Amino acid sequence: MWARARSVSAVVRSGWIVGNFVQRKMKVTVCFGRTRVVVPCGDGNIKVESLIEQAAMRYKKAIAKDPSYWIQVHRLEHGDGGILDLDDMLCDVVDDKDRLALPWQRRLGAKWAPVLGRDQA
């Protein structure tokens, strides 16, 4: 995500500068059913697995659940339908402002309940 800086004001609006290039900060929207959370990803040099952990934490905050609330994530899907590998670096497989979906389950007592009606990313 490198772009040549055209002016100082472009640097201020876009991110931080390294040499003659501006490093843009990434963010993605992760959909948990109808609930969507925006996750900042910095320069994208994090693993997909780390993004899932951050998204789950933000989802729990958004629905006002305790951090010990259990959800089980099966996979992370790109908006075009592709499944992302947990070991991939985010900057290699996702672009800034992409929408991703997490098919998941929540814990209800001793059973896992699938969440129906997952939004298409």
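**Entry: the outer side of helix 2**

I began on one side of helix 2 and found Glu53 and Lys61 exposed there. For me, exposed means over 50% relative accessible area, buried under 20%, and partly exposed in between, with a 1.4 Å probe and protein chains only. Helices (H or I, at least four residues) and strands (E, at least two) are DSSP runs, numbered from the N terminus.

A note on what I am looking at: this is a predicted model, where local features need pLDDT of at least 70 and side-chain atom pairs count only at pLDDT 80 or more, while totals for chains, interfaces and linings use all residues. Residues are numbered from 1 along each chain as its sequence is written, and side-chain values use heavy atoms, with hydrogens and water left out.

**Entry: the buried side of helix 2**

Next I looked up which residues of helix 2 are buried: Val48, Leu51, Ile52, Ala55, Ala56, Tyr59 and Lys60. They lie on the same side of helix 2, because their arc around the axis is only 170 degrees; the arc is taken from the directions from the helix axis to the C-beta atoms. A helpful reminder: an α-helix has 3.6 residues a turn, so residues three or four places apart point the same way.

I also checked the length of helix 2. Its 15 residues should span 21 Å at 1.5 Å a residue, and the end C-alpha atoms are 21 Å apart, which agrees. The expected span is 1.5 Å times one less than the number of residues. Just after helix 2, I noted that Ala64 has a positive phi of about 60 degrees.

**Entry: Lys60**

Which side chain of opposite charge is nearest to Lys60? I found Asp66, 8.0 Å away, and Lys60 is buried with no salt bridge. A salt bridge needs a side-chain nitrogen of Lys or Arg within 4 Å of a carboxyl oxygen of Asp or Glu. For charge, Lys and Arg count as positive, Asp and Glu as negative, and His and the chain ends are not counted. Setting aside neighbours within four places in sequence, I see Lys60 in contact (heavy atoms within 4.5 Å) with Lys65, Asp66, Pro67, Tyr69 and Ile71.

**Entry: the salt bridge**

I looked for salt bridges and found one in the structure. Arg75 and Glu77 form it through their side chains, at 2.7 Å from N to O. Arg75 is partly exposed at 32% relative accessible area, whereas Glu77 counts as buried at 10%.

**Entry: the core**

The largest nonpolar core has 22 residues, and Val28, Val30, Phe32, Leu51 and Leu76 have the most contacts inside it. Such a core is a set of buried Ala, Val, Leu, Ile, Met, Phe, Trp, Tyr and Cys residues joined through side-chain atoms within 4.5 Å. Strand 4 (26-32), strand 5 (35-42) and helix 2 (48-62) each supply at least two of its residues, with the largest share, six residues, coming from helix 2. Beyond neighbours within four places in sequence, Leu51 touches Val28, Val39, Cys41, Ile46, Leu76, Leu90 and Leu100.

**Entry: Cys31**

I then followed strand 4 to Cys31, which is buried at 0% relative accessible area. Cys31 and Pro103 are 72 residues apart in sequence, yet 8.6 Å apart in space, C-alpha to C-alpha.

**Entry: the whole chain**

Finally, I stepped back: the protein chain has three helices and eleven strands. Of its 121 residues, 33% count as buried.
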